[in-house]
Amino acid sequence: MKIERHDVAARMSKVVMHGDTVYLAGIVADEPKGKNVTEQTKSILSQIDGFLKKAGTDKSKLLSANIWITDMSTFQEMNAVWDAWVSLGNTPARATVEAKLATPDYKVEIMVVAAK
Amino acid sequence: MKIERHDVAARMSKVVMHGDTVYLAGIVADEPKGKNVTEQTKSILSQIDGFLKKAGTDKSKLLSANIWITDMSTFQEMNAVWDAWVSLGNTPARATVEAKLATPDYKVEIMVVAAK
Amino acid sequence: MKIERHDVAARMSKVVMHGDTVYLAGIVADEPKGKNVTEQTKSILSQIDGFLKKAGTDKSKLLSANIWITDMSTFQEMNAVWDAWVSLGNTPARATVEAKLATPDYKVEIMVVAAK
């Protein structure tokens with residue numbers, strides 16, 4: 001099966017396709033400084049839409065998602081944005097846990113696997 | 001490749017099949033309140049058995065597992081239940097780390113990928 | 001699709017192949033006691049090279065990586081070793097978060113998925 005990569009950098013690629021399976025990097029908000037969990041989650045999901053599009057797929061084909069939030073008390077705030085975004089009837093397997101992220105500005109990180 | 005989902009809710013699906021690969025959601029204990037790590041792990045693995053069955057597979061075809069426990073001092077307690085459950089000779093790739101989960105009642109969460 | 005396992009133990013396997021996809025366990029440093037993040041990351045990536053070889057593949061076919069470090073202030077130290085190791089132009093999707101690991105001696109754990 002063919003491997004195809006998009007947004008390839010020296011440390012990681014944002015999109016890696018292997019046959020019909022698409023792996024995305026853990027995505028964090030653009031310009032996170034001062035953005036709340038709602039704004040960060042919106043930024044992340046919008047980026048994920050873009051990366052899935054580059055891979056020739058979309059959120060209705062999500063298979064699995066790992067979500068990290070830095071403060072579990074923001075779980076509902078993150079979920080409100082997530083619930084409004086996912087494709088009804090086509091929701092992925094998902095797990096959410098609390099973890100510190102790369103810098104204190106980041107409050108949410110989401111990593112998904114999708115089908116093409 | 002075909003995508004098939006079971007136990008689909010508005011936020012996530014518990015079982016997502018893509019071709020011959022089965023993704024399960026992060027599973028936590030049923031009625032966790034007051035249950036210890038042994039009891040929670042047993043509840044989780046029993047639910048995983050059920051979800052794998054719905055996908056037409058079983059624990060002898062596990063590929064990979066991510067385990068989160070809220071207190072690493074319970075690692076051996078979780079492992080005792082895990083070790084008694086896995087299919088000898090067919091154990092998955094696995095990683096276990098400590099993380100806070102969705103509510104303080106949850107002490108263990110397990111997310112697996114299996115083959116059909 | 002065929003499942004093939006290497007380094008199979010009673011708790012987990014280090015390498016699980018399913019068709020053209022290779023799942024590795026979360027790998028930690030050999031003899032971690034007193035080793036810093038640089039040394040531990042080198043030990044881990046060297047072990048990953050060995051496990052990928054057993055699966056008939058190599059780091060140029062990495063699809064995805066999850067990295068856990070116990071102290072986010074060591075992020076750059078881990079990255080320096082990672083950046084020198086990855087196959088330029090063939091970097092995987094990646095996410096790094098902070099988490100406590102199985103024993104306090106471990107400072108880094110890395111779990112990858114690769115193609116054959």
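Which residue, with a positive phi, follows helix 1 of chain B? In this predicted model, local features need pLDDT of at least 70 and side-chain atom pairs count only at pLDDT 80 or more, while totals for chains, interfaces and linings use all residues. Residues are numbered from 1 along each chain as its sequence is written, and chains are lettered from A in the order in which they are written.

**View 1. The end and the length of helix 1 of chain B (residues 37–54).** B:Gly56 follows this helix, with a phi near 80°. Helices (H or I, at least four residues) and strands (E, at least two) are DSSP runs, numbered from the N terminus. The 18 residues should span 26 Å at 1.5 Å a residue, and the end C-alpha atoms are indeed 26 Å apart; the expected span is 1.5 Å times one less than the number of residues.

**View 2. The two faces of helix 1 of chain B.** The buried residues (20 or more other C-beta atoms within 10 Å of their own, C-beta atoms being placed from the backbone) are B:Val37, B:Gln40, B:Thr41, B:Ile44, B:Leu45, B:Ile48, B:Phe51 and B:Leu52. Because they cover an arc of only 125° around the axis, they lie on the same side of the helix; the arc is that of the directions from the helix axis to the C-beta atoms. On the face turned away from the buried side are B:Asp49 and B:Lys53, which are exposed (12 or fewer such atoms).

**View 3. Chains A and B about their rotation axis.** Chain A superposes on chain B by a rotation of 120° with 0.0 Å of shift along the axis (RMSD 0.0 Å), by least squares on the C-alpha atoms of residues with pLDDT of at least 70 in both. The two copies are therefore related as by a three-fold rotation axis. In chain A, the C-alpha nearest this axis belongs to A:Ala99, at 3.7 Å.
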